[in-house]
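Hi,

Here is the structure I promised to pass on. Have a look at it first, and then read my notes below.

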Amino acid sequence: RLGLTDYLGETFGLAYTGDALVAILAGKLASWAASIRGVCGPFDLSIVFLFAGAVVSGLFWKENKAVNTASSATDVEGGAADAKKKKKKSGIKEAFDIVRKDKKLMLLGTVQSLFEAAMYVFILQWPNAISSAVSSFFGEGAVTPFGIIFSCFMTGSLLGSILFSKSIKSKNTMTETTATNMLGVSAISMGLAAFFTAAKITPLGGIMGALLAYEACVGMYFPAMGTLRSKYVPDDHKTVILSLFGIPLNTLVVIIYLSIKQLGMSGALAVSSGALAIATGCMMKLRSISKKEAATA
């Protein structure tokens, strides 16, 4: 909207780098709060930060209103009355039709739904996986330092966002290529996590290494996806289209957790690995289409 498209990738990379740094500190603070007030400590501490965030956003944030370029042009040519007649509605049906007719949007939405579904499965399964590994390594009754481990994961995410920022500085590297490589690594790391958790004794080093690698991919995913959404999703329908992408995402997560007794921890992670493999294939196809369009432009 501001004509700064060339800086989007770098901006998203810096934003998520800052986010990871804050998350690392949050993990340390959560661990400290838990040592003082038990399991409720981190939740009590979060109230302070939520209140501070509400104050800052209320005082300094301005309303972000979408600019409809088509209606603006019509205003100049024929006046505001004609603009209102020609202005497109941003409803669910219109957004659905846009996605249905655009293969690139379909591929991008599939990638987002599959990756984020796998991420939610990871979020809900890693505490059990790590606890099992810690008990196997240190013995029954060993306390799992969840706050410290969370900070370690966020350090992995930080490294991922830094890697993304470095990769996009190369003029010959497409964001789609970086995203394809990231998705491939995420599928492998999630598959390794499923393999380790299926063993009789979960190896602490193995499961931590696999999950840290996946977190690095998460750190690359968000700036990469932010850049690609800005490239492919039309601004006038962005909110509704992104909401549509959330439908298959939530459906997949619900199905996995309704079947969690049958799947078990390793089964849920294996399904997530398969979802990430499909997402990799979709991103490869999107990259192929983008390359062809760039070659013919």
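Phe115 is a good place to begin: leaving aside residues up to four places away in sequence, Phe115 touches Met182, Leu183, Ser186, Tyr214, Cys217, Val218, Tyr221 and Leu276. Please keep in mind that this is a predicted model.

Phe115 also turns up in the largest nonpolar core, which has 59 residues. Phe115 is among the residues with the most contacts inside this core, together with Ile130, Phe153, Ile207, Leu211 and Tyr214. At least two residues of the core come from each of α1 (8–37), α5 (92–101), α6 (103–138), α7 (146–167), α8, α9, α10 (238–258) and α11.

One neighbour of Phe115 deserves its own note. Ser186 sits in helix α8 (residues 175–198). Is Ser186 buried or exposed? Its relative accessible area is 0%, and buried means under 20%, so Ser186 counts as buried. With residues up to four places away in sequence not counted, Ser186 touches Phe115, Tyr214, Cys217 and Leu276.

Tyr214 and Leu276 then lead on to a helix pair, since both take part in the contact between α9 and α11. The axes of α9 (residues 204–232) and α11 (residues 260–296) come within 14 Å and cross at roughly 40°. The two helices are therefore oblique to each other, and α9 passes α11 in a left-handed crossing. On the α9 side the contact is made by Tyr214, Leu228, Lys231 and Tyr232, and on the α11 side by Leu276, Met283, Leu286 and Ser290. By type, the residues of this contact divide into six nonpolar, one polar and one charged.

Another pair you may like is α5 with α6. Their axes are 5 Å apart and the packing angle is about 100°; α5 and α6 are therefore roughly perpendicular to each other. Here Ile98, Val99, Arg100 and Lys101 of α5 meet Lys103, Leu105 and Met106 of α6. The residues of this contact divide into four nonpolar, no polar and three charged.

Finally, the chain as a whole. What is it built from? It has 11 helices and zero strands. Buried residues make up 39% of its 297 residues. Of the contacts between residues at least 6 apart in sequence, 81% join residues at least 24 apart.

Happy to talk it through whenever suits you.

Best wishes

How values were computed:
Residues are numbered from 1 along each chain as its sequence is written. This is a predicted model: local features need pLDDT of at least 70, side-chain atom pairs count only at pLDDT 80 or more; totals for chains, interfaces and linings use all residues. Side-chain values use heavy atoms; hydrogens and water are left out. Helices (H or I, at least four residues) and strands (E, at least two) are DSSP runs, numbered from the N terminus. Buried means under 20% relative accessible area, exposed over 50%, partly exposed in between (1.4 Å probe, protein chains only). Contact means heavy atoms within 4.5 Å. Axes are lines fitted to C-alpha atoms, for helices over the stretch in contact, and angles run from 0 to 180 degrees between N-to-C directions. Angles under 35 degrees count as roughly parallel, over 145 as roughly antiparallel, 65 to 115 as roughly perpendicular and the rest as oblique. A crossing is left-handed if the near helix is turned anticlockwise from the far one by less than a right angle, and right-handed if clockwise. Ala, Val, Leu, Ile, Met, Phe, Trp, Tyr, Cys and Pro count as nonpolar, Asp, Glu, Lys and Arg as charged, and the others, Gly among them, as polar. A nonpolar core is a set of buried Ala, Val, Leu, Ile, Met, Phe, Trp, Tyr and Cys residues joined through side-chain atoms within 4.5 Å.
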